[in-house]
Amino acid sequence: MRGSVYYQTSLLTKAIFQEGAKKYQRTNPEHPYFQCISSYQTMRTYRSVWDNLGNYLKEHWKLKDFEKITQEHVHAYISYKIEYYPSKQYLEKIVSAIGKLEWALRYFCRDTYGEDRVYDFDIRKELLHYAKVQKLVADGYHNRVYADPISIIMRLKEKKHEIAAQIQLYGGARSEGVTLIKEEQLRGYRDDKITGVINGVIMTKEKGGKEGDVLVPIEVYHLLEAYFRESHIFRISYQAYSSDIRQACLSLGITPHGSHGFRWTFAQNRVRAYQEAGYSYEQALQGVSWEMKHFRANITEHYLG
C-alpha cells in the first residue's frame, strides 16, 4: 500500500465502513458486512488510532506500508502506549481499533487483490489484560515517578532485576533495553558531558531495533562486567521482573508503577542535571528526549507532571 499514513487509513476506512449496516449483519460471519463499522463517530475514533499507529511505525520502525503490519509491530505500539500510563478507557479504545484494523486490512486485500489475507493482532488482548492485572492503566493522569527508587531496588529478589532496574534508573533505558543485553553491548567508559562524571556505556537495543548508548554509574557497569564473566548473555523475563518490582513496592507500602517508574524518575533527575549544568529548560527537555530515544522535546514534559 502506497501513500501517506492518512491516505492509507482513508483506503482502509472505505474498505470497512458501511453506513447503515445493521447489527445482525455486522455480527453474522456469513454476511458481507461482517465486522464492518456503521457509525461515523466510531469510524473517526478508530481511524485516529490508525493514524497514530501509522505515524508511530513510520517514526520508530521505518515501516510505511499498513499491509506489512505484524503482531510484533502491534506489540511494540501498545507497549509504547502503556509506558505512558494511559487510562483504561483509552487503552481499550486502542485495542478495539486495532481489532477492526485486522478486518479493514483483510477487506482491503480482498477488494484490491481478490485474495484473502489473514492478519492476526490478538496479542493486543493479552497486553490489555496484562496492563489491567499489573495496574498499568489508570482512571486519570498519574505521576509514575518513584520518590525512593533505591529502596525498591534493594528489595528486589533477583540480582539480575537489581541490575536492570539500575540501568533504567540511571540510564533511562526502556524495559526492552534491559531484558536482553549481550556482552558486546558494553562499550567501556566516557565522560558524561552534562555532569562531567565518568560513566560506563551500554549500547541498548529498543523499539524497532533502535540502538543508542545509555550511561550508568561505574559500579553498575562493573556489576554487568562481573555477570559476563559467567555468561555471555544477560536475559530476564519482563513478567518476572515486573512482578518482582510490584512485590517490592507493596512490601514498602509504595504504589507500584512497574519498571517504567524508574524511567520516569530518570527523566526528572536528568532534566534537573541539565539545568544545574547551565542549560535552559527547553534545552534540557530536548536533550533528555534524545537520551530517552524520543525526538520531540515536549515528550519529556509528560514525565515531569
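Is Ile150 buried, partly exposed or exposed? Partly exposed, as it turns out, with a relative accessible area of 36%. Some notes on this and the rest follow; bear in mind that the model is predicted.

1. Ile150 sits in helix 7, which covers residues 149-155. On the surface, Ile150 joins Met154 and Tyr170 in a nonpolar patch, and together they have about 310 Å² of accessible area.

2. There's a charged counterpart to look at too: Lys182, Arg187, Lys205 and Arg235 make up a positive surface patch. Of these, Lys205 belongs to strand 3, residues 198-205. Its relative accessible area is 42%, so Lys205 counts as partly exposed, given that this class runs between the 20% and 50% cut-offs.

3. For an interior position, try Ser242 in helix 10 (residues 238-252). Ser242 has a relative accessible area of 3%, so it is buried. Leaving aside residues up to four places away in sequence, Ser242 touches Tyr130 and Gln134.

4. Now the whole protein chain: I'd start with its 13 helices and five strands. The C-alpha atoms fill a box of roughly 65 × 40 × 40 Å along the principal axes. Of the 305 residues, 51% are buried. Looking at contacts with a separation of 6 or more, 63% come from residues 24 or more positions apart.

5. Last, the surface and the charges. The protein chain exposes about 14900 Å², with carbon and sulfur atoms supplying 50% of that. It carries 43 positive and 36 negative charges, and the mean positions of the two sets are 5 Å apart.

How values were computed:
Residues are numbered from 1 along each chain as its sequence is written. This is a predicted model: local features need pLDDT of at least 70, side-chain atom pairs count only at pLDDT 80 or more; totals for chains, interfaces and linings use all residues. Side-chain values use heavy atoms; hydrogens and water are left out. Helices (H or I, at least four residues) and strands (E, at least two) are DSSP runs, numbered from the N terminus. Buried means under 20% relative accessible area, exposed over 50%, partly exposed in between (1.4 Å probe, protein chains only). Contact means heavy atoms within 4.5 Å. Patches are made of residues with over 30% relative accessible area and no salt bridge: like charges are joined within 9 Å, nonpolar side chains (Val, Leu, Ile, Met, Phe, Trp, Tyr) within 5 Å. Accessible areas come from the Shrake-Rupley method with a 1.4 Å probe; for residues, only the protein chains shown count as cover. A salt bridge is a side-chain nitrogen of Lys or Arg within 4 Å of a carboxyl oxygen of Asp or Glu. Lys and Arg count as positive and Asp and Glu as negative; His and the chain ends are not counted. The place of a charge is taken as NZ of Lys, CZ of Arg, CG of Asp or CD of Glu.
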